[in-house]
Amino acid sequence: MASIAAAVSVPTFSGLKAETKAAPAAKVASSTVVRMAPVRASASSDAMKNVGKALFAASSSLLLAASANAATVKMGGDDGALGFYPSSLSVAAGETITFVNNKAFPHNVVFDEDAVPSGVKVDDLSHEDYLNAPGESFNVTLKTPGTYEYYCEPHQGAGMKGSITVS
Ligand SMILES: [Cu+2]
């Protein structure tokens, strides 16, 4: 029985040897496959990282959007004065500025085409429609860095104007 087992094991061994000899080629082939798999795996993990980054960026911009609501300009003082409060404001590029109708309306916002960064189209920014109800609001997003001056058309003569610096 032992000799048979030995006799059986010899071909098996040589068979293993043959496999081992054949293995380098097979290893190259399989390691190529194996190498490709990690590449794919790392590519997809990079993709996951990017998704993570994108999600982080998205949540960051959500945070920005949330903090942007803090950049609020009241139209008309609490005491009924004709002005924008605050009359000057500094924001980051892309931050949203909310104009809220307060008192002594109607008000509007017209950006001065002679006092905005070059290339900026004031028609895209101005809100010429009058705000007639308290609490009415609209948003303005300024993307080009620089200083923007604006005024309220009905109250320009009374000095109702403001400026926003975008950095
Ligand atoms: Cu006004």
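The paragraphs below go from the whole chain to its strands and then to the copper site. The model is predicted.

The protein chain has 167 residues, and 26% of them count as buried. It holds one helix and nine strands. Read along the sequence, the pattern is α-β-β-β-β-β-β-β-β-β, with the helix ahead of the strands. Contacts in the chain often bridge long stretches of sequence: among those between residues at least 6 apart, 69% join residues at least 24 apart. The chain exposes about 10,500 Å², and carbon and sulfur atoms supply 61% of that area.

Four of the strands make up an open sheet in the order 2-1-4-7, with mixed pairing. Strand 2 (84–85) and strand 7 (137–141) stand at its edges and have a single partner strand each, so one side of each is left without a neighbour in the sheet. Inside this order, strand 1, residues 72–75, pairs with strand 4, residues 96–101, in the parallel sense. Four bridges join these two strands; V73, for instance, has F99 in strand 4 as its bridge partner. As a general point, side chains in a regular strand alternate between the two faces of the sheet.

Other pairings involve strands 5, 8 and 9. Strand 5, residues 107–111, pairs with strand 8, residues 146–151, in the antiparallel sense over two bridges. Here F111 stands opposite Y150 of strand 8. Strand 8 also pairs with strand 9, residues 161–166, again in the antiparallel sense, over six bridges. In that pairing G146 has V166 in strand 9 as its bridge partner.

Next comes the metal. Which residues coordinate the copper ion? The donors are H107 through ND1, C152 through SG, H155 through ND1 and M160 through SD, at 2.0 to 2.5 Å. Angles of 90 to 132° are subtended by the four donor atoms around the copper ion, and therefore the arrangement is tetrahedral. The limits for that label are 85 and 135 degrees, and all angles must lie between them. Along the sequence the donor residues are spaced H-x44-C-x2-H-x4-M.

The unreviewed UniProt entry lists H107, C152, H155 and M160 under "binding site". These residues span 54 residues in sequence, yet no two of their C-alpha atoms are more than 9.2 Å apart, so they gather at one spot.

Two of the donors can be followed further. C152 lies in the loop between strand 8 and strand 9, and H155 is found in that loop as well. Are they buried or exposed? A residue counts as buried under 20% relative accessible area. C152 has 0% relative accessibility and therefore counts as buried; H155 has 13% and so is counted as buried too. M160 is buried, as is C152.

The contacts of these loop residues reach other parts of the chain. Leaving out residues up to four places away in sequence, C152 touches F84, P106, H107, N108 and M160. With neighbours within four places likewise set aside, H155 is in contact with L82, A104, P106, H107 and M160. P106 thus appears in both lists, as do the copper donors H107 and M160.

Terms used
Residues are numbered from 1 along each chain as its sequence is written. This is a predicted model: local features need pLDDT of at least 70, side-chain atom pairs count only at pLDDT 80 or more; totals for chains, interfaces and linings use all residues. Side-chain values use heavy atoms; hydrogens and water are left out. Buried means under 20% relative accessible area, exposed over 50%, partly exposed in between (1.4 Å probe, protein chains only). Contact means heavy atoms within 4.5 Å. Accessible areas come from the Shrake-Rupley method with a 1.4 Å probe; for residues, only the protein chains shown count as cover. Two strands pair if DSSP finds at least two bridges between them. Donors are N, O and S atoms within 2.8 Å of the metal (3.2 Å for Na, K and Ca); water is not among the atoms, so sites may look incomplete. Four donors count as tetrahedral if all angles lie between 85 and 135 degrees; four count as square planar and six as octahedral if opposite donors are over 155 degrees apart and all others between 65 and 115; anything else is irregular. UniProt positions are given in the numbering used here, feature names are shortened, and annotations may be inferred rather than shown by experiment.
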